[in-house]
Amino acid sequence: MYQIIDFKEIGDSRGSLVAIEGSKNVPFEIKRIYYIFNTHSDVVRGRHAHKKLKQVLICLSGSCMLRIDNGFRKEEILLNDRTKGIYIGPMIWRELYSFSSDCVLLVLASDHYNESDYIREYSTFLDFLKGGS
Ligand code: T46
């Protein structure tokens, strides 16, 4: 349902560095990058699935929770490690919640922003999985 990507932390006496390269340590060409911050702890973000989009989520600072759902099974993952990315492919319902006040969530996406790629109703998501639309 998801994959954890372990990014190599390159450290020396000056500190640490993580390098991310599309189609190398991320399994797609990166066409868009966005980041989410200043989200209150009682807010739920996401609540949608994507028809085609692939994404990698990396929590650069603080923490938040990710709930993913393939229509059959749900999993909850704590995001709090800037050396790990969570790869989510198409047709996975996702919800983000319990943001810490210092949470900065970086997202790498395989395509430009396209509202028609979103499925924002859970019942529609289930219909798509059954082969409807
Ligand atoms: C996802 C989770 C993790 C843009 O104009 N361009 C963009 O690239 C994005 C991502 C959003 N927007 C606009 C669309 C909305 O008016 O920004 C506003 C907030 O977007 P949304 O409500 O979709 O934000 P989240 O945090 O619920 O979801 C976002 C991504 O949209 C989504 O792909 O997987 O983060």
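Two strands pair if DSSP finds at least two bridges between them. Helices here are DSSP runs of H or I with at least four residues, strands are runs of E with at least two, and both are numbered from the N terminus. With that, let's start.

This is a predicted model: local features need pLDDT of at least 70, side-chain atom pairs count only at pLDDT 80 or more, and totals for chains, interfaces and linings use all residues. Residues are numbered from 1 along each chain as its sequence is written, and side-chain values use heavy atoms, with hydrogens and water left out.

First, the whole chain. How many helices and strands does the chain have? One helix and twelve strands. Read along the sequence, the strands come before the helix: β-β-β-β-β-β-β-β-β-β-β-β-α. Along its principal axes, the C-alpha trace spans about 55 × 35 × 25 Å. The radius of gyration is 15 Å, and that agrees with a compact globule, because 133 residues would then give a value near 14 Å. The radius is taken over C-alpha atoms, and the globule rule is 2.2 Å times the number of residues to the power 0.38.

Now the strands. Strands of a sheet pair through backbone hydrogen bonds, either parallel or antiparallel. Take β2 (residues 9-12) and β3 (residues 15-18): they run antiparallel, joined by four bridges. A hairpin of two residues links β2 to β3. Look at Asp-12: its bridge partner in β3 is Gly-15.

Next, an open sheet of five strands. Its order is β1-β9-β6-β11-β4, with antiparallel pairing. Which strands are at the edges? β1 (3-6) and β4 (32-37), each of which pairs on one side only. From one strand to the next, the twist averages 25°. For that angle, axes are lines fitted to C-alpha atoms, for helices over the stretch in contact, and angles run from 0 to 180 degrees between N-to-C directions. Inside this order, β6 (residues 55-61) and β11 (residues 104-109) pair antiparallel over six bridges. Ser-61 stands opposite Val-104 in β11.

There is another open sheet of five strands. This one reads β8-β7-β10-β5-β12, again with antiparallel pairing. Its edge strands are β8 (74-79) and β12 (118-119), and each pairs on one side only. Strand β7 (residues 64-69) runs antiparallel to β10, with five bridges between them. Met-65 stands opposite Tyr-97 in β10.

On to the ligand. Which residues come nearest? Of the 13 around the ligand, they are Arg-32, Arg-45, His-50, Gln-55 and Tyr-118. A residue counts as near if one of its heavy atoms lies within 4 Å. By class, the shell has five nonpolar, four polar and four charged residues. Nonpolar means Ala, Val, Leu, Ile, Met, Phe, Trp, Tyr, Cys and Pro; charged means Asp, Glu, Lys and Arg; the others, Gly among them, are polar.

Which element gives the most to this shell? β5, with four residues.

Now the polar contacts. A polar contact is a pair of N or O atoms within 3.5 Å; within protein, one must be able to donate a hydrogen and the other to accept it, and residues adjacent in sequence count only if both atoms are side-chain atoms. A polar side-chain atom of Tyr-34 lies 3.3 Å from a ligand oxygen. For His-48, a side-chain N or O atom is 3.4 Å from an oxygen of the ligand. For Arg-45, that distance to a ligand oxygen is 2.7 Å. Elements giving two or more residues to the shell are β4, β5 (45-50) and β10 (93-97).
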